[in-house]
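Visitor: I have not looked at this one before. Can you take me through it?
Guide: Yes, here it is.

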Amino acid sequence: MDSDIETLTKEVDIYRDTWVRFLGYANEVGEAFRALVPVSMVWASYAVATAYVSADAMDKGKKAAAEHGENPGRTTRVAAAVVDTFVWQALASVAIPGFTINRVCAASLYLLGRTTRWPLPVRKWTTTAIGLSTIPFIITPIDRSVDFLLDSSLRKVYGGGPKHEP
């Protein structure tokens, strides 16, 4: 019963529990469309994703500040919350998935060029479809891997940090 009440009263995290979360995937979408759009649009998608990561990190810092009030160690807790969130999001939402989708799309375009006689526009659209369809499959393994990486390294420095729920 208590868990039901906690579930009902849990504060909604705009960066994790709403549509805003999808802004973190903007660069993956940009990478999937790289073969079809100007590179400036791909970089713009990275700007959107980076803004999302930065806003989430600032939000977690504000929440940590409110939670710790004027207690000793407040600055350290706030810094740990900001750093943990920023590093986790930068790796799990921007760098690793962006690289992964980029390489999947590059390999797809190359292989389609070597194995089919499809016209270039068809190969490019197929590559984009492959890139977009790859996104849902890479999210959870990347999130778990980044959690493992941070648990094994950075989180040991400041005594842990919040796990990020997919």
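Visitor: Which hand does the crossing of H3 and H4 have?
Guide: The crossing of H3 and H4 is right-handed. A crossing counts as right-handed if the near helix is turned clockwise from the far one by less than a right angle, and as left-handed if anticlockwise. Helices here are DSSP runs of H or I with at least four residues, strands are runs of E with at least two, and both are numbered from the N terminus.

Visitor: And at what angle do they pack?
Guide: Helix H3 (residues 39-68) and helix H4 (residues 74-115) pack at about 160°, and their axes are 8 Å apart. That makes H3 roughly antiparallel to H4. Axes are lines fitted to C-alpha atoms, for helices over the stretch in contact, and angles run from 0 to 180 degrees between N-to-C directions. Under 35 degrees counts as roughly parallel, over 145 as roughly antiparallel, 65 to 115 as roughly perpendicular, and the rest as oblique.

Visitor: Is this model predicted or experimental, and what is left out?
Guide: This is a predicted model, where local features need pLDDT of at least 70, side-chain atom pairs count only at pLDDT 80 or more, and totals for chains, interfaces and linings use all residues. Residues are numbered from 1 along each chain as its sequence is written, and side-chain values use heavy atoms, with hydrogens and water left out.

Visitor: What pLDDT does the chain average?
Guide: The average is 90, and 90% of the residues score at least 70. pLDDT is the predictor's confidence in each residue, from 0 to 100. Among the elements, helix H1 (residues 2-9) has the lowest mean, 52, and helix H2 (residues 26-32) the highest, 98.

Visitor: Back to H4. How does it cross H5?
Guide: The axes of H4 and helix H5 (residues 120-152) come within 7 Å and cross at roughly 145°. This crossing is right-handed.

Visitor: What comes right after H3?
Guide: Glycine 69 follows H3, and its phi is positive, near 50°.

Visitor: How many helices and strands are there overall?
Guide: The chain has 6 helices and 0 strands. Along the sequence the pattern is α-α-α-α-α-α.

Visitor: What box do the C-alpha atoms fill?
Guide: Taken along the principal axes, the box is roughly 65 × 35 × 30 Å.
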